[in-house]
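Biologist: I would like to learn how to read the enclosed spaces inside a protein model, and then how to place a single residue. Could we go through it step by step?

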Amino acid sequence: AERRLRRSEAWFREVFVRAAVGIAISDAEGRLTLVNPALADILGCQPDELVGRSIEEFFHSQEAEDIRADYHDLGGIGSKPLRRRRRLVRTDGQLVWCYLAVSVLRDPDDVPTLHLTMVENVSDLHLLQDLTSYQTLHDVLTALPNRQYLLSQLQSQLAHSEPDKHITLYHLDLDGFAAINNGLGPEQGDRLLLVVARRLENQLAGPKVLVARLTGDEFAVLCTAGSEPAGVLATLAQINEILDEPIHLPGGGVGLSASIGVAHGVPGEIEPFELMRRAEVSLRRAQATGNRQWAEYDRHRDAVDRRRAMLASTLSGALEFGELTAQWQPWHALANGALIGVSMRATWDHPEHGVIGHHEILELAEMTGAAVPLAAWMIGVSCEQIRIWSDRFGERSPTIGVGLTISQVADPDLV
């Protein structure tokens, strides 16, 4: 029995000494009574230097109180082992992120007397998680906050109703960047974006201003002000001034301008996605008027644009399912009223928005990829109608004209 006891004690000591994780045994007051070399190495000292010291003094000051409460609660009946991620402080003052597993050691009478603490150094994992989190929320090229980070900030600032806070979001798109990127090459285009990012960040970013890169050559500036919006004209002028200064690249000095959409929001009254959508809608409206333009969100114009966008996005489906019909508009000579020809006109009897005419259908088709298949349908329907009239009227059948848009005429498969 003594040999078995000595053998089990030797096994325990071998495991205790050679374990890769730190192990400590402390009494009810938190004083360390036994420490293995792995834990001493984590804390940057020798095992005998730790014996007799309180385990609480090695935890970060912000977590010491929570740790004290956790250790105290472990002695209760039915209490489960404690598992936490905590910060330890080495003897040289360096922080170490560790994963703790703490359980109670009981005497033969089932009375809790000691605490067994196992410590795993997870600092490398923590740093990797921080790096991954940073990369998830920041743009790889410019290191600016990305769209996801901007969205999280909007969610935070718009979550609670604060009548004394007003938020303005500027959505920027660099004018003609595709030409610069294609003319000087993608590498110079990236250098250009880096310079723009640093200028915006250095001259705009602050406690109440966040600069982010959304995608490609699009940036965002989020401003938080008091009960009234910050000076929009002043901010726009500052942005243009930042971009006006030529950027010197190997291909020459490059001047920039930006089209900008502006949207305002008040916490508790608007959702983050909606504020971002409004800023983008305003940007597209500004771009429709030319370069270096800006536009504020207009809810009346937005209602009209949303209707058109909805119709444009569903036009292809309407064409596929036969919801468009053809009408024939006759043309007569003023001199004698003779029939000169017939124009093909498409109509769409929409269940919600009523009858949509030919010209609006063409405009909607130009907004999406529906223009080319629409041309094929109009020509096909016209050819079918010509065959019907030719069988019925012979040489007296009228000529049909099909009016096409520029993009439809430019289709290489038109013939």
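Biologist: What volume does the largest cavity have?

Modeller: Please keep in mind that this is a predicted model. The largest cavity has a volume of about 60 Å³, and the count comes to two cavities of 30 Å³ or more.

Biologist: Which residues line the largest cavity, and what does the lining have by class?

Modeller: The lining is made up of L32, L39, L43, I55, F58, F59, L88, T117 and V119, and by class eight of these residues are nonpolar, one is polar and none is charged. Helix α2 (37–43) and strand β5 (112–121) each supply at least two residues of this lining.

Biologist: How does one read the second largest cavity, and which residues line it?

Modeller: One reads the second largest cavity by the steps used above, beginning with its volume, which is about 30 Å³. It is lined by L236, N240, A258, I260, R292, Q293 and W294, of which four are nonpolar, two polar and one charged, while α9 (232–244) and β11 (258–265) each contribute at least two residues to the lining.

Biologist: Turning to a single residue, is D302 buried or exposed?

Modeller: A residue is called buried when its relative accessible area is under 20%, so D302, at 4% relative accessibility, counts as buried. D302 lies in helix α11 (residues 299–320), and, leaving aside residues up to four places away in sequence, D302 touches R277, V281 and Y297.

Biologist: How far apart are the C-alpha atoms of D302 and R6?

Modeller: They are separated by 84 Å, and the two residues are 296 residues apart along the chain.

How values were computed. Residues are numbered from 1 along each chain as its sequence is written. This is a predicted model: local features need pLDDT of at least 70, side-chain atom pairs count only at pLDDT 80 or more; totals for chains, interfaces and linings use all residues. Side-chain values use heavy atoms; hydrogens and water are left out. On a 1 Å grid over the protein atoms alone, a cavity is a set of points where a 1.4 Å probe fits but cannot get out, and a pocket is an open set with protein on both sides within 12 Å along at least five of seven lines; lining residues have an atom within 4 Å of a point. Grid points are joined across faces, edges and corners, and a volume is the space filled by probe spheres set on the points. Helices (H or I, at least four residues) and strands (E, at least two) are DSSP runs, numbered from the N terminus. Ala, Val, Leu, Ile, Met, Phe, Trp, Tyr, Cys and Pro count as nonpolar, Asp, Glu, Lys and Arg as charged, and the others, Gly among them, as polar. Buried means under 20% relative accessible area, exposed over 50%, partly exposed in between (1.4 Å probe, protein chains only). Contact means heavy atoms within 4.5 Å.
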